Amino acid sequence: MSATPARSGADALLQFADELQQQSSSAEAPSVGPELHLVTFALDREEFGIPIGQVREVTRVTEITRVPQARRHVRGVTNLRGRILAVVEIRSRMGLSPAEITPRSRVVVVGIHDRTLGILVDGVSQVVKLPVSTVAPAPEEVLSASADYITGVARWNSRLIILLDLEKLLLLPD
Amino acid sequence: MTTEENAFGELIQDYIVECLPLAEQVGDAFVQLERRWQEGDAGDELLAPLKGRLHTIKGNSAMMGLDSPQSVAHALEDVCALLHADPARRNDEAAALLIRGSGLLIELVRTAVQKPNPRPAAQFVKVVRTFLDRRRSGRGATKRTGLLLERRRTDRPSPEQVAEAGDSSSSVVRVDFRRLDAMLEVLGEGMIEQAAVAELYRGLARKMGVTNELADLDRALTSLQKTLKRLEGIVMETRLLPVSAVFDRFPRLVRELAQARQKRVQVVTSGGDIPLDKAVLDRLSEPLVHLITNSVVHGIESADERGRGGKPAEGTLGLRASSESGRVVIRLSDDGRGLDDSKILAKARSLGLEIPADTAQLHSLIFLPGFSTADRVSSLAGRGIGLDVVANTVHELGGTIEVESRPGRGVTFTLNLPLTLAILRSLIVEVDRERYAVPLSHVAATVRNEVDMIHQVNQKGVALWRGDLIHVSDGGALLGTGSASSFRRFYVVISMGNRRRGILVDRLIGHQDIVVKSLDPTLGRPEVISGTTILGDGKVACILDTARILDQRMSA
């Protein structure tokens, strides 16, 4: 069984965010106008962001069991404190090759409508608040019909964060 | 305001839960009475308990302010009272009136949440009044007093009712089924945790050897396991309902269907006391309704046609439940015309299917999607769904369905179902370091594989097992582990009915009771997997869908 003590996903996430804040105190932007509250994570070398409201918790990767004949972008299922969680690999949805699982890999547990599922990501996630004004539409050349899950790109503190629409990304048939 | 509405909402659910079965029992009894009266039997013992049931429905309806069911139940009560007093009037007319009324009553109770149209009830009450008045004018005053007395008596519960109610107030509690589900869920977690502790114990014992303390721990664990097992038995028992809970609804359905087509069909049931998990029963009702409708509408011929074929004018529909090696088998048979092979052949050709040489396999084609709908749809039979939907539901329940047809003699559908959906005795096997649970009820044997035991025939593995040749497929290929191996150390023979198949695996890990977790829709619809479970070490394993793997249609 999982050794993680049972605590709510939000608690875990906030504590996690605090730790990160301490690491880089410069990450706080002066609050002007409406803000986006995002959880960001790494896939390959890019940084992606999803609204914090959709994120239930972030967990380390325990064993993921492959499911025969599952959909292509499904990595498998894992035991999240006695509940079975489907873990999807959005890399394959984005045309990237499947990830190696490393000690840095994480599962971001998200809730979309009434479904809960996990997204396998390469790197440590972070919680950021950034002004809406930093978001621009992605350059048209990089968007295609199959990439309509990208809602925009935020340029912020010399970082580039690609904003994702999880509903479009995950609930599509493959 | 809202709380009041909610309280009422729950109350009305309670009302439906309590009264609907009563109304259905009453309806069934009327159908039986009709038959008995036709045979010249008074059927007193059937008539007697009806008053109590109708009275309960009437009382509960009145309490809820539901005028329509109250008045219909009341009217039926009056008719019953009259028939009780006057056996001479127990005839087809009376039976038709009672059956019509019970149909209306069931509908009114079922839809009690909605605001009913008062017209049908009022009309029925009027018809009943005419029926009663006709009698009244013909007979003397003594009987009338009887009726009045009867009516007064019904204001208070009759002694039989008190006995019935006493039973329910002293030792029977009504529980929301969701609570039983939750109970089972928590029990399942407990069982997984017990297995996890047992796993830790084994690790410790390996590392340190079995000390006295560890031996104590082992004993405590074994005892805990036994206790959980007993608890499981009790929890499972609370979920069981007799199959008759579903069967009882069919005589009326069949009567309606048959009458609409000027046919005569009797229903013969047996094994109604066989218990089945409510979760299975609930989902079984619709496929059965569909099969029964098909039989009455398409299978059983008109009286004329039957006469020409030398059959009794009245068709027979058999519904038989039996318990077979931990599973429940339901057989639904009719003595109608049987499946039309030429139609099936034509349909198979038009769909471009390979035509099996074997008749049984030809018949099993009717369960394929798009097969049974076109020709067999009628407003009652179809609702547009085909036998493929029936087969799917049965498969989802972990069961199988088979059809057997004899031309001119009738069709039998055999449904083989698990007793419960929740906890599965399983054999845990390993294929390419992946573990899978195989439902033990489908495991016929495990065989140590030797060199040259499995032969290749038409590129398929074949082995001699207990004197028969069976198809043995590679577990790796079946499950897509990424490596197909021609040699593994064991094969598991799975079987159901007369279907058998071997699956090659690397290791047999052991028997375990597993708690079934349904497949997350995110995963898609894998054919070889019916669900998932958490093993003792906390890792997830998939459960093989043995029923589907045994299905002839699935190759590999």
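## Exercises on a predicted two-chain model

In strand 18 of chain B, Ile543(B) is the bridge partner of Ala437(B). Keep in mind that this model is predicted.

**Exercise 1.** Find which strands pair with strand 9 of chain B, and in which sense.

*Solution.* Start with strand 8 (residues 423–431) of chain B: six bridges link strand 8 to strand 9, and the two pair in the antiparallel sense. Within this pairing, Arg435(B) of strand 9 stands opposite Glu430(B). Next, look at the turn: strands 8 and 9 of chain B make a hairpin with two residues between them. One residue in that turn, Asp432(B), has a positive phi of about 45°. Finally, turn to strand 18 (residues 540–544) of chain B, which runs parallel to strand 9 and is joined to it by two bridges.

**Exercise 2.** Explain why strand 9 of chain B is described as largely enclosed.

*Solution.* Take residues 434–439 of chain B, the six residues of strand 9, and check each for burial. Five of the six are buried, so the rest of the structure largely encloses this strand.

**Exercise 3.** Work out which residues touch the most other members of the largest nonpolar core, and which helix gives the most to it.

*Solution.* The core has 115 residues, and Val108(A), Val254(B) and Val296(B) touch the most other members. Helix 12 (residues 278–299) of chain B gives the most, with eight residues. Now zoom in on Val254(B): leaving out residues up to four places away in sequence, its contacts are Val265(B), Val267(B), Ile292(B), Val296(B) and Leu317(B). A second, separate core has 36 residues, among them Ala23(B) and Val31(B).

Notes:
Residues numbered from 1 in each chain as written. Chains lettered and ligands numbered in written order. Predicted model: local features only at pLDDT ≥ 70, side-chain atom pairs only at ≥ 80, totals over all residues. Core = buried A, V, L, I, M, F, W, Y, C linked by C-beta atoms within 7 Å. Buried ≥ 20, exposed ≤ 12 C-beta atoms within 10 Å, placed from the backbone. Helix = DSSP H or I, 4+ residues; strand = E, 2+ residues; numbered from the N terminus. Contact = placed C-beta atoms within 7 Å. Pairing = 2+ DSSP bridges.
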